[in-house]
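Colleague: I've got a model open on my screen and would like to talk it through with someone. Could you walk me through it?

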Amino acid sequence: MKAGKNHRFGITCCVAVLVLCLGWMAQAHGETLTCKVCQYAVHLDSLRVDDAEAHVLALFSRKGVATLESGEVVEYASWGTADLIRGTGAVRGYTLLTHQDGSIALSVVEGITERGSVQLTGAFTRGTGRFEGIKGVITISGKSRMPFDEERETLDNVYYEVTATYTLPPR
């Protein structure tokens with residue numbers, strides 16, 4: 001009789017642990033967010049570097065909107081630096097999605113821009129509101145409609161496709 005009680009107790013413990021684990025996994029499962037972004041430059045400083053023709057260091061900020069798959073439209077801002085030779089080079093910066101309820105998701109990104117296009121990858125560094133504790137990765141690819149041209153003094157307007165895969169802690 002004692003062995004039967006121990007067996008039932010062991011099965012009960014296993015079921016309880018399984019239920020707890022499945023409940024935690026259900027709350028911490030991965031989400032994917034995709035959106036299309038339209039941004040314009042609000043600030044651009046550039047310095048010529050005299051080591052090569054058309055070598056420029058740039059500091060920029062952009063603002064715009066992101067349209068999520070769900071149809072929600074959110075504010076999208078980015079800030080960064082670029083080290084470019086003839087419009088091609090390394091880019092590093094930050095992106096910020098601000099939702100209508102005030103929740104934010106901030107990421108750090110880096111990658112390459114080639115005259116008229118950009119490919120960036122990064123990770124979420126902070127979130128607030130419904131994105132508190134966000135962890136995950138982000139990829140950005142896009143094109144400039146009017147590329148930066150120092151001689152013509154044009155700032156670039158960009159169109160991105162963004163895919164983010166993330167998890168949130170259990171609530």
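Modeller: Sure, here is a round of questions and answers on the fold, the rings and a few single residues.

Colleague: Before we get going, what kind of model is this?
Modeller: Keep in mind that the model is predicted. Everything below is computed from a model that is predicted.

Colleague: In what order do the elements of the protein run from the N terminus on?
Modeller: The protein has one helix and eight strands. Reading from the N terminus, the order is α-β-β-β-β-β-β-β-β.

Colleague: What share of the residues counts as buried?
Modeller: Buried here means under 20% relative accessible area. The protein has 171 residues, and the share that counts as buried is 35%.

Colleague: And how much of the accessible surface belongs to carbon and sulfur atoms?
Modeller: The accessible surface of the protein adds up to about 10,700 Å². Carbon and sulfur atoms account for 59%.

Colleague: On to E8. Which of its side chains point to one face and are buried?
Modeller: Side chains alternate along E8. Asn157, Tyr159, Glu161, Thr163, Thr165 and Thr167 point to one side and are not buried. Pointing to the other face, and buried, are Val158, Tyr160, Val162, Ala164 and Tyr166.

Colleague: How many bridges join E1 to E8, and do the strands run parallel or antiparallel?
Modeller: Strand E1 covers residues 31-49. One spot to look at is Leu33, which stands opposite Ala164 in E8. E1 and E8 run antiparallel, and the number of bridges joining them is ten.

Colleague: What is the bridge partner of Gly142 in E8?
Modeller: E7 and E8 also run antiparallel, with ten bridges between them. Within E8, the residue that partners Gly142 is Tyr160.

Colleague: Let's do the rings. Why is the pair of Phe124 and Tyr166 called edge-to-face?
Modeller: The structure holds three aromatic pairs. A ring pair is described by how far apart the centres are and by the angle of the planes. Planes over 60 degrees apart count as edge-to-face. For Phe124 and Tyr166 the centres are 6.3 Å apart and the planes sit at 75°, so the pair is edge-to-face.

Colleague: How many residues apart in sequence are the parts this pair, Phe124 and Tyr166, ties together?
Modeller: Both Phe124 and Tyr166 are buried. Phe124 belongs to strand E6 (residues 117-127) and Tyr166 to strand E8 (residues 157-167), so the parts tied together are 42 residues apart in sequence.

Colleague: Which residues do ring pairs link into a cluster?
Modeller: Phe131 and Tyr166 form an edge-to-face pair too, 6.0 Å from centre to centre with 70° between the planes. Phe131 sits in the loop between E6 and strand E7 (135-144), 35 residues from Tyr166. Phe131 and Tyr166 are both buried. The ring pairs make a cluster of Phe124, Phe131 and Tyr166.

Colleague: Why does Arg62 count as buried?
Modeller: Arg62 is in strand E2 (residues 55-68). The cut-off for buried is under 20% relative accessible area. Arg62 is buried because its relative accessible area is 10%.

Colleague: With which side chain does the side chain of Arg62 make a polar contact?
Modeller: Arg62 lies over the face of Phe60, at 4.5 Å from the ring centre. Its polar contact, at 3.4 Å, is with the side chain of Tyr160.

Colleague: Is Ser78 buried or exposed, and which side chain does Ser78 join by a polar contact?
Modeller: Ser78 is in strand E3 (residues 73-85). With a relative accessible area of 5%, Ser78 is buried. Leaving out residues up to four places away in sequence, Ser78 touches Phe60, Ser61, Arg62, Tyr94 and Thr95, among others. The polar contact, at 3.2 Å, is with the side chain of Gln39.

Colleague: What separates the C-alpha atoms of Thr125 and Val108?
Modeller: Thr125 lies in strand E6 and is partly exposed, with a relative accessible area of 47%. Residues touching Thr125 include Leu106 and Ser107. Thr125 and Val108 are 17 residues apart along the chain, and their C-alpha atoms are separated by 6.7 Å.

Colleague: Last one: what is the phi of Ala54?
Modeller: Ala54 lies in the loop between E1 and E2 and is partly exposed, at 42% relative accessible area. Although Ala54 is not a glycine, its phi is positive, at about 60°.

Methods: Residues are numbered from 1 along each chain as its sequence is written. This is a predicted model: local features need pLDDT of at least 70, side-chain atom pairs count only at pLDDT 80 or more; totals for chains, interfaces and linings use all residues. Side-chain values use heavy atoms; hydrogens and water are left out. Helices (H or I, at least four residues) and strands (E, at least two) are DSSP runs, numbered from the N terminus. Buried means under 20% relative accessible area, exposed over 50%, partly exposed in between (1.4 Å probe, protein chains only). Accessible areas come from the Shrake-Rupley method with a 1.4 Å probe; for residues, only the protein chains shown count as cover. Rings of Phe, Tyr and Trp (its six-membered ring) pair if their centres lie within 6.5 Å; planes under 30 degrees apart count as stacked, over 60 as edge-to-face and the rest as tilted. A charge sits over a ring if NZ of Lys or CZ of Arg is within 6 Å of the ring centre and within 35 degrees of the ring normal. A polar contact is a pair of N or O atoms within 3.5 Å; within protein, one must be able to donate a hydrogen and the other to accept it, and residues adjacent in sequence count only if both atoms are side-chain atoms. Contact means heavy atoms within 4.5 Å. Two strands pair if DSSP finds at least two bridges between them.
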